[in-house]
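User: Please give me a close look at one part of this protein: the places that a database record lists for its active site, with the surroundings that hold them. I would like one connected explanation, suited to a student in the first year.

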Amino acid sequence: MILFPAIDLKDGQCVRLKLGDMEQATVYNPDPGAQAKAFEDQGFEWLHVVDLNGAFAGETVNGAAVDAILTATRNPVQLGGGIRTLDHIENWLSRGLARVILGTVAVRDPALVIEACKKFPGKVAVGIDAKGGKVAVEGWAEASELGIIELAKKFEGAGVSAIIYTDIDRDGILTGINWASTLELAEAVSIPVIASGGLASIDDIRRMLEPDAAKLEGAISGRALYDGRIDPAEALSLIRVAKGKA
C-alpha cells in the first residue's frame with residue numbers, strides 16, 4: 001500500500017484544482033523541485049505528478065518543471081498529462097520517469113496503450129478519470145459515453161502496471177475517496193488500482209488499510225497534505241504498521 005503525494009503542475013508551479021477546474025487553482029509552491037524534495041524528506045517513497053497544462057494541450061507543457069522534480073528527488077516518479085504518443089512515452093522514460101500515465105489516449109487509441117506496454121514493460125499506467133460515472137478526457141474537459149469498468153477491461157492482460165482512478169466530482173474538495181466505485185473497479189479487473197480524488201483525512205488512510213481495500217496499490221493525496229489535514233508521519237506510520245514494517 002503506497003501513499004502517493006501529488007504535484008499538479010500549472011504554469012510551472014505546484015497547484016491544486018477544485019473539481020478539475022483550471023480557473024480554480026490554488027498555488028501551493030512555486031518551486032516543484034523543492035516540493036518533490038520535501039515529500040522525499042517526509043518519508044514518502046513515490047511521487048505522482050500531473051502536467052495540467054499538458055493534459056489540455058495534448059503535449060508536454062511543464063517539461064522544465066518535471067525535469068527539476070526528477071533532479072531534486074531520488075524517489076520514483078509517475079507522470080500524466082499530455083502524453084499521447086509512443087515518442088512522448090519513450091522521451092519521458094529516457095529522462096528518468098519510473099512510469100507514464102496514459103489517460104486520453106487510453107480512450108482514443110487503446111491499441112497504442114497495449115503497444116506501449118509491450119515496448120516498455122512495467123512502465124505504463126492508465127489514468128481513468130470519471131465524472132458522473134463516465135470517463136472524461138482532454139484534461140477532464142470532455143465527457144465520453146464510456147464506463148469506467150468497460151474501459152479498464154480493455155487492458156486486462158496487456159501489462160498495464162496500474163490504473164489511477166480519479167473521481168472528478170470529489171477531486172480537490174476534501175470529501176473523501178469514492179470507495180464504493182474505487183473498490184468496484186478493483187474487484188472487476190486484475191490490474192492494481194490507485195485511488196485518487198477527494199482523500200481528506202487520516203480516516204481515509206485507515207479506510208485504505210481495511211481488508212476489503214487490500215487489492216489497491218495505494219492512494220494519491222494532494223490538497224489534504226498541502227493543507228495539513230493529513231500528517232505525513234502519522235499516515236506513513238499507519239501504513240508501515242499495516243505492512244508489518246513498524
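Analyst: The answer starts with the listed positions and then moves outward to the strands, cores and helices around them.

The model shown is a predicted one. In an unreviewed entry, UniProt lists D8 and D129 under "active site". Where does each of them lie? D8 belongs to strand β1, while D129 is found in strand β7, which covers residues 124–131.

Are these two residues buried or exposed? D8 counts as buried because its relative accessible area is 8%, below the limit of 20% used for that word. D129 is also buried, since its value of 17% falls under the 20% limit.

Consider D8 in more detail. Apart from residues up to four places away in sequence, D8 touches Q13, C14, V15, R16, V50 and L52. Two of these names return at the end of strand β3 (residues 21–29), where N29 is located. N29 is in contact with Q13 and C14, and also with Q35, once neighbours within four places in sequence are set aside. The side chains of N29 and Q35 are joined by a polar contact of 3.1 Å. N29 is buried, because its relative accessible area is 15%. In contrast to that local contact, the C-alpha atoms of N29 and A106 lie 31 Å apart in space, with their positions 77 residues apart in sequence.

L9 also lies in strand β1, which runs over residues 2–10. L9 is buried because its relative accessibility is 0%. Its C-alpha atom is 6.0 Å from that of V50, although the two residues are 41 places apart along the chain. The contacts of L9, beyond residues up to four places away, are P32, V49, V50, D51, L52, N53, N62, A65, V66 and I69. V50 and L52 are thus touched by L9 and by D8.

After β1 comes a loop leading to β2 (13–18), and D11 has its place there. What is the state of D11, buried or exposed? D11 is exposed, because its relative accessible area is 55%, over the 50% limit. Its phi angle is near 55°, a positive value in a residue that is not glycine.

Among the contacts of L9, P32, A65 and I69 also take part in the meeting of two helices. Helix α1 (residues 32–41) and helix α3 (residues 63–72) have axes that come within 8 Å and cross at roughly 35°. The crossing of α1 past α3 is right-handed. From α1, the residues that make the contact are P32, G33, A36, K37 and E40, and from α3 they are A65, A68, I69 and A72. E40 is further touched by N75, a residue in the loop between α3 and β5 (77–80). N75 is buried because its relative accessibility is 17%. A polar atom of the N75 side chain lies 2.7 Å from the backbone oxygen of F44.

The surroundings of D129 can be described in a similar manner. The side chains of D129 and T166 are joined by a polar contact of 3.5 Å. T166 is also one of the contacts of I128, together with V135, I148, L151, A152, I163, I164 and Y165, leaving aside neighbours within four places in sequence. A second, separate core of 10 residues includes A125, A162, I164 and I220.

I128 also has a place in the largest nonpolar core, which has 67 residues. Which members touch the most other members of that core? They are I7, V49, I89, V100, V113, I128 and I205. V49 has already appeared among the contacts of L9. I89 belongs to the contact between two further helices, in which L86, I89 and E90 of α4 meet L112, E115, A116 and K119 of α6. Helix α4 (residues 86–94) and helix α6 (residues 110–119) pack at an angle of about 35°, with their axes 10 Å apart.

A last helix, α8 (residues 179–188), has W179, S181, T182, L183, L185 and A186 among its buried residues. The elements that cover the buried residues of α8 include α7 (148–153), β10 (163–167), β11 (193–196), α9 (202–208) and β12 (216–221).

Terms used. Residues are numbered from 1 along each chain as its sequence is written. This is a predicted model: local features need pLDDT of at least 70, side-chain atom pairs count only at pLDDT 80 or more; totals for chains, interfaces and linings use all residues. Side-chain values use heavy atoms; hydrogens and water are left out. A nonpolar core is a set of buried Ala, Val, Leu, Ile, Met, Phe, Trp, Tyr and Cys residues joined through side-chain atoms within 4.5 Å. Buried means under 20% relative accessible area, exposed over 50%, partly exposed in between (1.4 Å probe, protein chains only). Contact means heavy atoms within 4.5 Å. Helices (H or I, at least four residues) and strands (E, at least two) are DSSP runs, numbered from the N terminus. UniProt positions are given in the numbering used here, feature names are shortened, and annotations may be inferred rather than shown by experiment. A polar contact is a pair of N or O atoms within 3.5 Å; within protein, one must be able to donate a hydrogen and the other to accept it, and residues adjacent in sequence count only if both atoms are side-chain atoms. Axes are lines fitted to C-alpha atoms, for helices over the stretch in contact, and angles run from 0 to 180 degrees between N-to-C directions. A crossing is left-handed if the near helix is turned anticlockwise from the far one by less than a right angle, and right-handed if clockwise.
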